[in-house]
Amino acid sequence: MNSGNLVRYGGQAIFYLAFVAVVAYLSTSPVHTFVPSDHARVTVTFAHLGEREGECRPLTEEEKAALPPNMRVEEKCPRGRVPITVEIWLDGEMIYGDTIAPTGLHRDGRSYVYHAVTVPEGRHYLTMKMRDQVETDEFNYVQKKEVTLQGGQSLVIDFSAQAGGFVLRNVDLEAADVR
Amino acid sequence: MALTVRRRINHFIQHIEDGFTAVFGGQNNPLHHLGALTIFFFWVVLISGLYLFAFYETSLSGAYDSLERITYDHWWHAGVMRSLHRYASDAAVITMILHLSREFLRDRNRGFRWYSWFTGVPLLWMVYIFGITGYWLVWDKLAQYIALNTAELLDVLPVFTDPMARNFVIEELVSERFFTLMAFIHLVGLPIILVLGLWFHLLRIIRPKINPPRPLMIGTFTALMVLSVLRPAESQGPADLSVVPTQLSIDWFYLPIYPILDYTGPFVLWGALIGLTLFMASLPWLPPQRREPVAEVILENCTGCTFCADDCPYGAIDMVTRSDGRRFPKEAKVNPTLCASCGICTGSCPSSSPFRNASPLVSGIEMPQGPMEKMKQDIDEALRRLEGQEQKILVVGCEYSVDVTEIDRPNAAPVRLPCAGMMPPSAMDYALRGLGADGVLVTGCDCADCQFRLGNLWTDERIQKKRPPYLSGRADRARIRTLWTKLPGRNKVLREFDALAEDLKGRPAEASGSEGVGGTAQEADDEQR
Ligand code: HEM
Ligand code: SF4
Ligand code: SF4
């Protein structure tokens with residue numbers, strides 16, 4: 001092989017080597033840390049329908065008369081829902097707090113909550129509060145739990161009115177002491 | 001300002017590219033075939049993908065296990081295909097990014113080329129969504145991460161009311177239908193859309209380089225194959241929504257938006273993506289290119305031979321029904337919006353022959369900014385300046401490669417054209433036999449890398465009589481050479497020039513004979529048939 005060919009084939013070999021080296025490296029590296037391995041992720045997520053914006057009231061006689069006979073009802077109820085207010089406290093620090101408007105053109109849909117934070121592993125005290133009523137300034141749902149989170153755990157704070165309030169998912173329920 | 005910076009960078013990059021030409025040769029320089037290489041990699045992706053599909057199970061519960069079987073139980077065929085599928089996709093991103101950077105650096109995105117650039121931008125989105133949905137289908141921890149973050153990203157758009165991301169943190173909520181939708185987009189939707197997108201991208205390119213030269217196909221395929229065997233693609237553990245993915249191996253070719261999302265949040269990322277897309281899409285007009293006059297047909301000298309329409313690299317010439325009642329069935333018609341002002345058509349018109357006794361010389365198709373008469377005068381003038389020299393060599397160069405006016409040889413008569421392809425072979429012959437030049441050296445952009453795509457190739461083929469208009473049989477072929485090189489190739493041109501000069505010593509120039517001199521456009525045309 002003369003020196004010209006050596007340069008040519010050697011150069012091509014180096015090119016192909018470099019090409020696949022770049023492919024091989026960048027297809028997996030550098031590693032990305034989404035959540036540090038000694039941290040857990042806490043996600044507050046649920047959908048909830050707030051109370052009606054106001055009281056239903058009986059219709060007056062005139063109002064009744066204005067309705068077509070087959071659609072006569074006794075009461076008129078406001079369509080809109082109240083915004084809900086949520087506060088989640090972890091070890092005395094508020095990790096989420098927001099007032100979420102109802103969805104829908106007529107403000108008659110559910111309010112949707114989605115918020116995620118990363119917290120160190122270990123034992124934590126959770127206070128979860130929610131208000132879905134008009135009348136009061138108080139939170140009508142308040143729950144306290146103690147949880148022990150492992151690194152990489154994904155704790156979900158859900159809410160279900162049927163179940164009576166906040167529901168913790170992906171956590172050992174035994175450990176979730178109600179205080 | 002920005003344009004000057006771009007020109008400087010281009011000049012610098014061309015030094016590096018020249019190294020590739022030294023190693024691969026111009027014809028097989030991978031940088032000259034970046035679009036074609038991207039298409040080639042997509043072929044590998046398509047075929048390996050079809051193969052994988054035979055073993056893959058399209059369901060949340062079955063996908064991961066089927067890929068484990070592919071990777072470990074059937075590693076020697078399906079596993080290798082999986083790796084090829086991944087690595088060829090990655091390779092396509094490399095060549096695509098280099099392709100667009102290169103078109104940009106060479107200022108091949110403004111003016112009439114806005115179309116090719118503009119239609120390239122959606123291809124970027126398609127390719128990225130292709131890759132993202134592909135990683136989704138593995139349904140491993142990486143897929144879980146992608147799904148969750150994609151959902152968080154989409155949730156901030158005012159399109160969906162209920163947060164999709166909720167479905168990717170609660171195992172019971174994750175939807176089989178959504179997974180099937182991703183599979184459908186990846187397996188059926190995007191392949192079709194990408195082919196359509198490519199078709200639009202190449203619509204204004206005549207004879208696009210769809211396939212890279214065979215050595216490059218063999219070389220890149222072998223390299224990817226070796227990588228696939230040595231370092232098989234693997235999954236990162238099954239998805240488990242009760243556990244958050246912590247450390248992840250990221251495919252940085254396809255997935256860089258996710259770490260960016262983690263660091264900046266969805267609004268910044270959307271802003272960046274939309275901003276970048278709009279910026280890319282508006283680059284053809286930043287700043288708008290000064291429009292050069294486009295080619296003009298001079299009907300009385302057009303015989304309707306179709307040579308120009310065959311040679312135009314951008315399909316800007318149509319052959320239409322004759323409008324002036326002459327006996328020829330067709331005439332050439334230029335579509336100004338497609339014309340690159342390269343002049344290649346003037347080089348292909350038989351009526352461009354300076355031997356014609358027409359004064360002024362007017363071709364069938366002319367560039368108003370540099371008509372044939374001017375080219376003829378420039379050649380006359382350049383050679384006349386060498387009066388008294390022992391040897392006279394006409395050096396033709398283009399505006400995008402070595403500047404031939406800077407060739408400091410006393411026996412060099414330089415003429416610069418927009419593109420080497422504008423030089424009709426009859427003009428080379430004219431310099432030799434009409435004006436007594438000893439030789440002609442035509443230079444221009446590197447092989448397979450003409451600024452106007454085909455100018456250098458057509459020039460070679462015309463001289464070699466493979467493509468009309470042919471170099472006349474009466475011209476001494478040994479006196480004509482071509483050299484295709486990059487901007488920094490001045491020394492190569494000088495070396496070739498000196499070699500030609502040396503060769504021509506002892507070969508006296510042919511006296512400017514009268515044979516073949518003179519004639520009409522019709523005769524010039526007949527000689528080509
Ligand atoms: C899927 C990815 C892509 C593929 C496979 C591809 C392929 C090609 C091919 C085969 C050509 C013709 C080259 C020739 O024969 O001269 C071409 C031209 C071109 N491409 Fe792409 N391309 C891709 C993406 C892009 C992108 C993202 C851009 C820029 C935003 C772009 C900008 C251009 C331009 C400006 C030309 C015209 C060059 C000229 O007029 O000489 N391409 N592409
Ligand atoms: S100048 Fe170039 S692009 Fe325009 S018609 Fe002639 S060959 Fe085609
Ligand atoms: S090459 Fe010249 S003669 Fe032939 S069709 Fe074109 S303009 Fe007419």
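The following is a dialogue about how certain labels are justified in this predicted model.

Biologist: What makes Ser348(B) count as buried or exposed?

Modeller: The relative accessible area of Ser348(B) is 0%. Buried means under 20%, so Ser348(B) is buried. Its place is in helix α12 (residues 344–348) of chain B. Leaving aside neighbours within four places in sequence, Ser348(B) is in contact with Phe307(B), Cys308(B), Asp311(B), Arg462(B) and Pro469(B).

Biologist: How do you know whether Leu142(B) is buried or exposed?

Modeller: By the cut-off again: the relative accessible area of Leu142(B) is 3%, and under 20% means buried, so Leu142(B) is buried. The residue belongs to helix α6 (residues 141–155) of chain B. Beyond four places in sequence, Leu142(B) has contacts with Tyr135(B), Gln236(B), Leu248(B), Ser249(B), Ile250(B) and Leu255(B). The C-alpha atoms of Leu142(B) and Ala239(B) are 7.8 Å apart, although 97 residues separate the two along the chain.

Biologist: Why is there no disulfide between Cys445(B) and Cys398(B)?

Modeller: The closest cysteine sulfur to that of Cys445(B) is in Cys398(B), at 4.0 Å. A disulfide needs the two sulfur atoms within 2.5 Å, so this pair is too far for a bond. Over all chains, the search finds 0 disulfides.

Biologist: Why are Cys445(B) and Cys305(B) called buried?

Modeller: Cys445(B) has 9% relative accessibility and Cys305(B) has 11%. Buried means under 20%, so Cys445(B) counts as buried, and so does Cys305(B).

Biologist: Which residues are around ligand 3, and how is the shell classed?

Modeller: Cys305(B) is one of them; others include Cys302(B), Cys308(B), Met319(B), Cys349(B) and Ile365(B). By class the shell has 8 nonpolar, 4 polar and no charged residues.

Biologist: How many residues surround ligand 2, and which are the closest?

Modeller: There are 13, with Cys312(B), Cys339(B), Ala340(B), Cys342(B) and Cys345(B) the closest. The shell around ligand 2 is made up of 11 nonpolar and 2 polar residues, with no charged ones.

Biologist: Why are β7 and β9 of chain B said to stand at the edges of their sheet?

Modeller: The sheet is open, has 4 strands in the order β7-β6-β8-β9 (chain B), and its pairing is parallel. β7 (412–417) and β9 (480–484) each have a single partner strand, so one side of each lacks a neighbour in the sheet. On average, neighbouring strands of this sheet are turned by 20° against each other, direction ignored.

Biologist: What makes β6 and β8 of chain B a pair?

Modeller: The threshold is at least two bridges. Strand β6 (residues 393–398) and strand β8 (residues 439–444) of chain B are joined by 4 bridges and run parallel, so by that threshold they pair. Ile393(B) has Gly439(B) as its bridge partner in β8(B).

Biologist: Which strands do helices α13 and α14 of chain B meet?

Modeller: Helix α13 (residues 372–384) of chain B packs on the sheet and touches β6 and β7 of chain B, its direction making about 160° with that of β7(B). Helix α14 (residues 425–434) of chain B lies across β6, β8 and β9 of chain B, at about 150° to β8(B).

Biologist: How do you know that β5 and β6 of chain A pair?

Modeller: Strand β5 (residues 84–90) and strand β6 (residues 93–100) of chain A share 7 bridges in the antiparallel sense. At least two are required, so the two strands pair. Ile88(A) is bridged to Tyr96(A) in β6(A). β5(A) and β6(A) form a hairpin with 2 residues between them, and Asp91(A) in the turn has a positive phi of about 50°.

Notes
Residues numbered from 1 in each chain as written. Chains lettered and ligands numbered in written order. Predicted model: local features only at pLDDT ≥ 70, side-chain atom pairs only at ≥ 80, totals over all residues. Heavy atoms only, no water. Axes fitted to C-alpha atoms, helices over the stretch in contact; angles between N-to-C directions. Contact = heavy atoms within 4.5 Å. Buried < 20%, exposed > 50% of the residue type's maximum accessible area, 1.4 Å probe, protein only. Near = heavy atom within 4 Å. Nonpolar A, V, L, I, M, F, W, Y, C, P; charged D, E, K, R; others polar.
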